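Grab a viewer and work through a few exercises on the model below. Try each task yourself before you read its solution.

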Amino acid sequence: MDAAALVASLQQAVPEAALETVPSVDLHPTIYASRDHLPAVARALRDAADLKFAFLAELTVADYWPREPRFEVVYIMVSLVHRTRLRMKVRLSGADAHLATVSGIWPAANWLEREVWDLFGIVFDGHPDPRRLLMPEDWEGFPLRKDSPVQIRRPPHTTEPLQVTAEEFRQNLERDRLSRHE
Amino acid sequence: MTVNMGPQHPSTHGVLRLVLELDGETVHSAAPTIGYLHTGIEKTAEQKKWQQVIPLVERMDYLSAQSNSMAFCMSVERLLGVEIPERVKNIRILLAELQRINSHLVWLGTHGMEVGAVSVMLYCFRERELLLNINEMIAGFRLFPSYIRVGGLREDLPRGFHDAVRAFLERMPGKVDEYEDLLTKNEIYLKRTQGVGVVSKDDAVAWGLLGPIARAAGVDYDVRKVFPYLGYETYDFSVPTQSQGDVYSRYKIRVAEMRESMKICRQALERITPRGVYAIADPKITPPPKDRVYTEMEALIQHFLIYSQGFTVPAGEAYVPVEGPRGEQGFYVISDGTNRPWRVKSRAPSLLACQALEKLIVGGLIADVIAVIGSIDVVMGDVDR
């Protein structure tokens with residue numbers, strides 16, 4: 001099923017969605033959807049008889065900073081029944097980076113959307129568990145954005161206050177070293 | 001009672017943290033925490049040239065290293081639009097299947113040891129030594145060969161490769177029979193694994209778990225059969241499926257997969273000539289052999305350009321799915337037309353398996369937690385990247 005037939009079928013299921021196709025070099029027909037009707041489009045992709053994309057393989061984001069629209073959320077899905085694949089993308093602008101969650105439609109999207117929030121800062125409205133996944137809970141910033149630095153040098157961070165000052169620690173080490181050499 | 005099965009634990013297959021709420025021995029709820037092995041490989045890959053990304057991605061799923069590098073190279077080759085020579089495809093298939101046997105041996109060894117059959121570990125690692133010796137023969141490295149490159153392979157197969165692989169393939173079927181002798185009809189093993197950690201067919205697909213886990217539940221999906229790549233459609237092999245979806249079915253599937261992989265390896269070995277073409281002939285992508293670099297000017301220039309500035313890949317995106325030992329994996333690669341990737345995203349089957357873990361262990365006993373974690377075969381390097 002090529003991109004044009006997919007879009008026709010999808011447009012029939014969700015008439016108010018804005019869809020467009022783009023050429024692709026691998027075995028995934030690629031379509032762009034707007035974020036407004038995303039839950040309806042996703043539900044149609046999963047349930048419509050000639051689509052049946054029940055398996056969500058990948059949910060990720062590409063950051064095209066400084067181009068606007070900045071983000072492109074990418075959904076790669078597989079239809080086991082019809083043995084086809086599809087790549088659906090949604091464009092988001094940097095200032096207004098949020099869209100509806102699909103974790104109610106594909107439960108696999110739960111952690112994938114958490115990872116996207118963690119690394120890119122895109123908010124998924126209605127997500128049941130919007131926490132960071134890979135970075136520590138108190139991390140600030142979104143590491144995989146293009147304007148985030150690759151290497152960060154920070155002083156060591158502890159959750160409990162240190163019991164000694166740096167000078168006392170050096171003196172302790174020195175006293176310990178001297179006591180061992182006697 | 002809340003119990004922490006901390007990131008440092010012999011049975012969590014890496015650094016996985018589970019906070020379990022127990023009522024006696026029954027698990028009420030489980031909250032997995034991951035991210036202890038996150039090293040930002042995807043961000044680092046954006047700073048490296050295309051060939052330099054290959055050692056990085058090999059270290060993601062560290063038990064199926066050559067699967068990873070093959071998936072990445074295939075995505076990049078799709079963007080480049082190059083066609084790989086037939087001999088290289090067969091060698092890649094052989095290496096991928098040997099890697100599958102390698103990964104399943106580690107899985108079987110660690111899973112058996114966790115469930116209590118401690119000797120299975122040493123039996124499996126004894127055969128794994130032979131596979132690691134084969135890796136060392138082709139590339140010098142045992143675990144992360146970096147032998148599969150964009151455009152083909154790093155260099156031609158060494159002398160003695162065919163004999164080594166043939167010796168391994170002669171020895172292995174008897175050894176798999178030995179492992180089965182130890183576990184398949186073992187009453188203790190059956191009691192610990194049958195009916196434990198059951199995944200239904202619909203749940204496997206809904207939670208994105210395609211691979212041995214879904215095949216154990218009855219979903220007949222293998223990327224090698226449904227979306228064949230590298231010429232898998234010309235090989236004669238079958239894909240085992242079961243229907244119970246419990247830990248025992250996953251065990252049976254992986255042991256059967258080892259046997260099928262050996263079948264494919266034998267067929268691939270017949271098709272590979274000991275010497276021949278090992279990469280595409282494109283001078284911008286494939287470095288020339290070292291003896292020509294030392295004697296010819298053009299080869300020296302070519303070598304210098306490849307290793308200093310690399311090659312450029314046309315702008316676009318590609319995702320080529322590959323059947324790794326843990327399920328469908330692949331690399332979603334975006335290029336902006338320069339000599340560095342714009343985005344590299346690894347589709348990690350272990351991440352989705354970890355997500356499903358919560359639901360699989362709730363309601364079971366604490367001993368079942370160990371059996372289930374072993375059976376879904378998570379590799380934390382792939383989960384955290």
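Here are four exercises, each with a worked solution.

This is a predicted model, where local features need pLDDT of at least 70, side-chain atom pairs count only at pLDDT 80 or more, and totals for chains, interfaces and linings use all residues. Residues are numbered from 1 along each chain as its sequence is written, with chains lettered from A and ligands numbered from 1 in the order in which they are written.

**Exercise 1. The sheet in chain A**

Work out the strand order of the five-stranded open sheet in chain A.

Step 1. Start with β1(A) (residues 19-22) and β2(A) (residues 30-33): four bridges join them, and they run antiparallel. Strands and helices here are DSSP runs (E, at least two residues, for strands; H or I, at least four, for helices), numbered from the N terminus. To get the register, set A:Leu19 against its bridge partner A:Ala33 and A:Thr21 opposite A:Ile31.

Step 2. Move on from β2(A) to β5(A) (residues 84-92), which runs parallel to β2(A) and is joined to it by four bridges. Here A:Thr30 stands opposite A:Arg87.

Step 3. Put the whole thing together: the order is β1-β2-β5-β4-β3, with mixed pairing. Pairing takes at least two DSSP bridges between two strands. β1(A) and β3(A) (55-63) each have a single partner strand, so one side of each is left without a neighbour in the sheet. On average, neighbouring strands are turned by 25 degrees against each other, direction ignored.

Step 4. Add helix α1(A) (residues 3-13), which packs on the sheet and touches β1, β2 and β5 of chain A. Its direction makes about 170 degrees with that of β1(A); such angles run from 0 to 180 degrees between N-to-C directions, and axes are lines fitted to C-alpha atoms, for helices over the stretch in contact.

**Exercise 2. A helix pair in chain B**

Describe how α11(B) (residues 247-271) and α15(B) (residues 366-376) cross.

Step 1. Take the axes: they come within 10 Å and cross at roughly 30 degrees. The two helices are therefore roughly parallel to each other (angles under 35 degrees count as roughly parallel, over 145 as roughly antiparallel, 65 to 115 as roughly perpendicular and the rest as oblique).

Step 2. Find the meeting point: B:Val247, B:Arg250 and B:Tyr251 in α11(B) meet B:Ala371, B:Val372 and B:Ser375 in α15(B). Contact calls for C-beta atoms, placed from the backbone, within 7 Å.

Step 3. Now check how covered α15(B) is: nine of its 11 residues are buried, meaning that 20 or more other C-beta atoms lie within 10 Å of their own (12 or fewer is exposed, in between is partly exposed). These buried residues pack against β3 (26-33), α4, α7 (187-193), α9 (212-217), α11 and α14 (349-361) of chain B.

Step 4. Look just past the helix: B:Asp377 follows, with a positive phi near 55 degrees.

**Exercise 3. The largest core**

Which residues have the most contacts inside the largest nonpolar core?

Step 1. The core has 150 residues, and the two to pick are A:Met77 and B:Leu209. A nonpolar core is a set of buried Ala, Val, Leu, Ile, Met, Phe, Trp, Tyr and Cys residues joined through C-beta atoms within 7 Å.

Step 2. Helix α4(B) (residues 86-115) gives the most to this core, with 13 residues.

**Exercise 4. One phenylalanine**

Is A:Phe124 buried or exposed?

Step 1. Locate A:Phe124 in strand β7(A) (residues 123-125).

Step 2. A:Phe124 has 22 C-beta neighbours inside 10 Å, so it counts as buried.

How values were computed:
Contact = placed C-beta atoms within 7 Å.
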